[in-house]
Amino acid sequence: MGSRASTLLREEEIEEIKKETGFSHSQITRLYSRFTSLDKGENGTLSREDFQRIPELAINPLGDRIINAFFPEGEDQVNFRGFMRTLAHFRPIEDNEKNKNSSASEPLNSRTNKLLCEYKVNHSNVK
């Protein structure tokens with residue numbers, strides 16, 4: 001399974017995701033492996049049902065809200081890039097030169113973006 005993950009994710013995609021999310025190369029490949037194992041339809045996307053098969057989310061009282069955070073309004077599927085963008089909101093905030101660069105876009109794990117993500121989770125329509 002690990003080899004499947006590394007062969008389907010191109011090096012240029014990994015580099016783009018690294019820049020966008022702040023995750024390391026090894027974190028991205030590990031998360032891609034997990035993503036593909038959750039993708040029961042083998043179509044490169046995850047559905048809400050795929051997330052609900054995760055035992056820790058199934059028993060979590062906030063599981064539905066966490067799952068909803070992965071899906072833009074009106075969407076029923078999330079691809080790997082969207083999956084990584086959502087996970088990036090949960091990364092610790094780091095004080096590094098990249099974050100201090102005023103010309104760079106605000107990191108996904110900035111305080112502002114974390115608050116926006118939390119707002120989305122807390123105000124999502126729980127089914």
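Let me start with L46, which, once its neighbours within four places in sequence are set aside, is in contact with F35, L38, D39, F51, F71, D76, Q77, V78 and F83. Please keep in mind throughout that the model is predicted, and that the values I quote are computed from it.

L46 also appears when we turn to the largest nonpolar core, which has 21 residues, and in which I28, L46, F51, F80, F83 and M84 touch the most other members. The elements that give two or more residues to this core are α2, spanning 11–21, together with α3 and α7, and of these α7 gives the most, with five residues.

Several of the names you have just heard are aromatic, so let me move to the rings. How many aromatic pairs does the structure hold? There are nine of them, and one is formed by F51 and F71, an edge-to-face pair with 5.7 Å from centre to centre and 80° between the planes. Because F51 lies in helix α4, residues 48–52, while F71 lies in the loop between α6 (63–68) and β2 (77–79), this pair ties together parts that are 20 residues apart in sequence. Both partners are shielded: F51 is buried, with a relative accessible area of 2%, and F71 is buried as well, at 3%.

A further pair joins F70 and F83, whose ring centres are 5.6 Å apart and whose planes meet at 25°, so this pair is stacked. Here F70 lies in the loop between α6 and β2, and F83 belongs to helix α7, residues 80–88, so the parts tied together are 13 residues apart in sequence. F70 is buried, with a relative accessible area of 6%, and F83, at 6% relative accessibility, counts as buried too. If we then follow the ring pairs from residue to residue, they link Y32, F35, F51, F70, F71, F80 and F83 into a cluster.

Charged groups also meet rings in this model. Over which ring does the charged end of R48 sit? It sits over the ring of F71, 4.3 Å from its centre, and, in a separate place on the list, the charged end of R91 sits over the ring of F23, 5.6 Å from the centre of that ring.

Let me now come back to α2, whose buried residues are I14, I17 and T21. They cover an arc of only 65° around the axis, which puts them on the same side of α2, and the buried residues of this helix pack against α3 and α7. Just after α2, G22 takes a positive phi of about 90°.

A positive phi is found at E42 as well, at about 50°, although E42 is not a glycine. E42 has its place in the loop between α3 (25–38) and β1 (45–47). Is E42 buried or exposed? At 59% relative accessibility, E42 counts as exposed.

Finally, I would like to point you to R53, which is found in the loop between α4 and α5, the latter covering 55–59. R53 is partly exposed, with a relative accessible area of 48%. Its C-alpha atom is separated by 8.1 Å from that of L38, although R53 and L38 are 15 residues apart along the chain. L38, you may recall, was also one of the contacts of L46, and that brings us back to the residue with which I began.

Note on methods
Residues numbered from 1 in each chain as written. Predicted model: local features only at pLDDT ≥ 70, side-chain atom pairs only at ≥ 80, totals over all residues. Heavy atoms only, no water. Phe/Tyr/Trp six-rings, centres within 6.5 Å; stacked < 30°, edge-to-face > 60°. Helix = DSSP H or I, 4+ residues; strand = E, 2+ residues; numbered from the N terminus. Buried < 20%, exposed > 50% of the residue type's maximum accessible area, 1.4 Å probe, protein only. Lys NZ or Arg CZ within 6 Å of the ring centre and 35° of its normal. Core = buried A, V, L, I, M, F, W, Y, C linked by side-chain atoms within 4.5 Å. Contact = heavy atoms within 4.5 Å. Arc of directions from axis to C-beta.
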